[in-house]
Amino acid sequence: MAREEIKRKELWKGLNNISQADWVRVAEKLGLSIARSNSGTSHYLNIRDPLNLNIDDVRGVITTLTPNCYKQANIKIFLRILHFGEKRGIIEDDIWKALGKI
């Protein structure tokens, strides 16, 4: 899948080995918020806009993290963080650095 917005194509191919915990660390390093489900049964987490922490407001959701992240899910998570970050000074290399890839 050719993505024009991705500069580091060689790293892009390795997105299959990223876990939910890795994405939580990425969010923390980038200054994004993590919201856990109010019900005690869900293992899904949301990465949220730190300026909109109201968990009932879907406009603050950047992406949802599933317990088992597979390559396609990781691609979507990466792109959602990248597109959100474009307006806030987060660039592709910031995400790669937070993932420990560069």
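This report describes the helices, strands, core and selected polar residues of a predicted model.

Residues are numbered from 1 along each chain as its sequence is written, and side-chain values use heavy atoms, with hydrogens and water left out. Because the model is predicted, local features need pLDDT of at least 70 and side-chain atom pairs count only at pLDDT 80 or more, while totals for chains, interfaces and linings use all residues.

## Helix H2 and the strands after it

Helices (H or I, at least four residues) and strands (E, at least two) are DSSP runs, numbered from the N terminus. Helix H2 covers residues 20–30, and within it Gln-20, Trp-23, Val-24, Val-26, Ala-27 and Leu-30 are buried. Here buried means under 20% relative accessible area, exposed over 50%, and partly exposed in between (1.4 Å probe, protein chains only). The buried residues cover an arc of only 160 degrees around the axis, which puts them on the same side of H2; the arc is that of the directions from the helix axis to the C-beta atoms. An α-helix has 3.6 residues a turn, so residues three or four places apart point the same way. On the face of H2 turned away from the buried side are the exposed residues Glu-28 and Lys-29.

The packing partners of the buried H2 residues are strand S1 (33–36), strand S2 (45–48), S3, H3 and helix H4 (92–98). Just after H2, Gly-31 adopts a positive phi of about 80 degrees. In S1, Ser-33 and Ala-35 form a covered face, whereas Ile-34 and Arg-36 form an uncovered one. S1 pairs with S2 in the antiparallel sense over 4 bridges, where pairing requires that DSSP finds at least two bridges between two strands. Leu-45 in S2 is the bridge partner of Arg-36.

## Helix H3 and the nonpolar core

The 16 residues of H3 should span 22 Å at 1.5 Å a residue, and the end C-alpha atoms of H3 are 22 Å apart, which agrees. The expected span of a helix is 1.5 Å times one less than its number of residues. Buried residues of H3 include Ala-73, Ile-77, Phe-78, Ile-81, Leu-82 and Phe-84. Among the elements that cover the buried residues of H3 are H1, H2, S2, S3 and H4.

A nonpolar core is a set of buried Ala, Val, Leu, Ile, Met, Phe, Trp, Tyr and Cys residues joined through side-chain atoms within 4.5 Å. The largest such core has 28 residues, and those with the most contacts inside it are Trp-23, Leu-32, Phe-78, Ile-81, Ile-95 and Leu-99. Two or more residues of this core are given by each of helix H1 (9–12), H2, S2, S3, H3 and H4. H3 supplies the largest share of this core, 7 residues. Contact means heavy atoms within 4.5 Å. Leaving aside neighbours within four places in sequence, Ile-95 is in contact with Trp-23, Leu-30, Phe-78, Ile-81, Leu-82 and Ile-90.

## Polar residues in H4 and in the loops

Glu-92 lies in helix H4 and counts as buried at 7% relative accessibility. Not counting residues up to four places away in sequence, Glu-92 touches Glu-5, Ile-6, Lys-7, Arg-8, Phe-78 and Leu-82. Asp-93 is also found in helix H4; with a relative accessible area of 23%, Asp-93 is partly exposed. Apart from neighbours within four places in sequence, the contacts of Asp-93 are Arg-8 and Ile-102.

Asp-57 sits in the loop between S2 and S3 and is buried, with a relative accessible area of 14%. Beyond residues up to four places away in sequence, Asp-57 touches Arg-48 and Asn-52. Thr-66 belongs to the loop between strand S3 (61–65) and helix H3 (71–86). Under the same sequence exclusion, Thr-66 touches Gln-20 and Tyr-44. Gly-14 lies in the loop between H1 and H2 and is partly exposed at 26% relative accessibility.

The table lists polar distances in the model. A polar contact is a pair of N or O atoms within 3.5 Å; within protein, one must be able to donate a hydrogen and the other to accept it, and residues adjacent in sequence count only if both atoms are side-chain atoms.

| First group | Second group | Distance |
|---|---|---|
| Asp-93 side chain | Arg-8 side chain | 2.6 Å |
| Glu-92 side chain | Lys-7 backbone nitrogen | 2.7 Å |
| Thr-66 side chain, polar atom | Asn-68 backbone oxygen | 3.2 Å |
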